[in-house]
Amino acid sequence: MVGVFEVGAVPFNPDGWGPPDSTTPTTPTTPTTTTLPLHVPFAPFSRSENLGRIADFTRSFPSSNANPSNRPSSTKPGAANSSDTPFDFSLDLDAFPLANHDDDSSFRLVDAKPPPRPKFGPKWRFNQHRPQLPQRRDEEVEARKREAEKERARRDRLYNLNRSNQNQTRREAAIFKSSVDIQPEWNMLDQIPFSTFSKLSFSVPEPEDLLLCGALEYYDRSFDRITPKNERRLERFKNRNFFKVTTTDDPVIRRLANEDKATVFATDTILATLMCAPRSVYSWDIVIQRVGNKLFFDKRDGSQLDLLSVHETSQEPLPEAKDDINSAYSLSVEAAYINQNFSQQVLVRDGNKVSFDEPNPFANEGDEVASVAYRYRRWKLDNDMYLVARCEVQSVVEVNKQKSFLTLNALNEFDPKYSGVDWRQKLESQRGAVLATELKNNANKLAKWTAQALLASADLMKLGYVSRVHPRDHFNHVILAVVGYKPRDFASQINLNTANMWGIVKSIVDLCMKLNEGKYVLVKDPSKPQVRIYEVPADAFENDYVEEPLPEEEQVQPLTEDAEDGEANGTTNDVEDKEIEAQT
């Protein structure tokens, strides 16, 4: 007869997991029985407790007598020899979390391996030894890697080559045309590389003032408080006359030459161009006349020296089309127009002027003349050689009951995408960054302004920041800020060495004094950092002869809004008086 397998009663535990410790008797006479299997200890736990190990066959079993006082012992039925089984955790504190509730750090996982590190963490990215990552080393994969490296190197090489070609093409296109047409009958006498200018040095004593002419208006200090948030509209002064007279047409210089006051004669614009020649990129030219034992440095009518270069030393490409409002020529015309209007707007126009020895030598009676004073100064170059130059200052300010001379110039912003710095956002918070960008893009122009201020011994040079109302509107402008600098401090800031500047002038004067009597032209090479000296006929630049790239009929186009607004560059060249009127 086959025996019957009895399962028996399965008790229900409503208080936790696993069987209850004991079953409740159904009748008072029924004894309490345990449900735990024999020789298998069981530790009660609830759902909120940490679940530890079920069995550990790798542990070293202590002797049955070991029962430290600080460890709980098992008193459950059938657990007398439980310390000799892998199921006994009675001596482990981590098996009884309720007995040591404060020390939860002893909880351990069954798997004691460290957690895997993330594959894309910073340690994995920069770890040079990654043995855990599988690497295929077959020949096909290695060959593909080598081909990819070669292709990447080839693309980088082509990209760098294209960039260098673009920059070179843009710069050559910007200065390809010489400022004066070199005629075949001209005889080149010498060429001087700019590298030789950097080694020159010459110290001159303090100059003496021979004569002061003109009248100055006072500077309006309220413009020092202008910010981009309270900008001012740039006004137009079409009734005031500006004069850009060359050396030999100056009546005062002619008088001083007849009196043998000096041997060399020039203007501050011409001297500044020579002094800052190594920083120039665009082509320029200076006419040199040797008359007897005297030397005259002149500029041609309609010369590039009458305009102001913009982004001359920048590496960003400018449009090559001459009629584009952002081309090099259009921007130089716009800069000259802005500079003249700015120099008159920042003055106190109440009729109060500071007059000097003589009136303006170029103005006719009854003309409204711009605020300017001419200082005819003399420097000693050698024991028997003196240089006289006409220097300009535009305004005067009273400081501690003493009058100080000022020069007024304006930097112009035409489109922030070319410079990379938006003046309206950066002028207040990062003015140094804006100036550093302008020093990089307009190194030659700022150096020439500083040299002119040093030649005139101006006490202060004011730089205005003028921007277009809209990047595509080159007629209307606003003044965003005006900053003042001391010329000597600013010269040291831009690394302009006074001794080197005079060394360049002295070397060119010595070279020209060795020439025979006649007319010569000093031309900056349009594509190389060097200057050339040509011997030209005596009537080379007379009879209204104007060289490219500044034809007289094109000077009136870029800034003309209508027929009544006058000429484009704000200047007109009168043959008799060389008078340049600021008209807009």
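Two strands are taken to pair if DSSP finds at least two bridges between them. With that criterion in place, I turn to the model, which is a predicted one.

I begin with the hairpin partners β13 and β14. Strand β13, residues 460-470, and strand β14, residues 473-485, run antiparallel and are joined by nine bridges. Within this pair, Arg468 stands opposite His477 in β14.

These two strands belong to a wider arrangement. The sheet is open and has five strands, ordered β3-β14-β13-β12-β11, with mixed pairing. At its edges stand β3 (232-233) and β11 (395-399); each has a single partner strand, so one side of each is left without a neighbour in the sheet.

Next, the helices that pack on the sheet. Helix α5, residues 328-345, touches β3, β12 (402-413), β13 and β14, and its direction makes about 145° with that of β12. Helix α8, residues 431-441, lies across β12, β13 and β14 and runs at about 115° to β14.

Finally, I consider a contact between two helices. Such a packing is described by the angle between the axes and the distance between them. For α4 (residues 268-275) and α9 (residues 443-455), the axes come within 9 Å and cross at roughly 125°. That angle makes α4 oblique to α9, and the crossing is right-handed.

Which residues of α4 and α9 meet? From α4, the participants are Asp268, Thr269, Leu271, Ala272, Thr273 and Met275; from α9, they are Lys448, Ala451, Gln452 and Leu455. By character, the residues of this contact divide into five nonpolar, three polar and two charged.

Technical notes. Residues are numbered from 1 along each chain as its sequence is written. This is a predicted model: local features need pLDDT of at least 70, side-chain atom pairs count only at pLDDT 80 or more; totals for chains, interfaces and linings use all residues. Side-chain values use heavy atoms; hydrogens and water are left out. Axes are lines fitted to C-alpha atoms, for helices over the stretch in contact, and angles run from 0 to 180 degrees between N-to-C directions. Helices (H or I, at least four residues) and strands (E, at least two) are DSSP runs, numbered from the N terminus. Angles under 35 degrees count as roughly parallel, over 145 as roughly antiparallel, 65 to 115 as roughly perpendicular and the rest as oblique. A crossing is left-handed if the near helix is turned anticlockwise from the far one by less than a right angle, and right-handed if clockwise. Contact means heavy atoms within 4.5 Å. Ala, Val, Leu, Ile, Met, Phe, Trp, Tyr, Cys and Pro count as nonpolar, Asp, Glu, Lys and Arg as charged, and the others, Gly among them, as polar.
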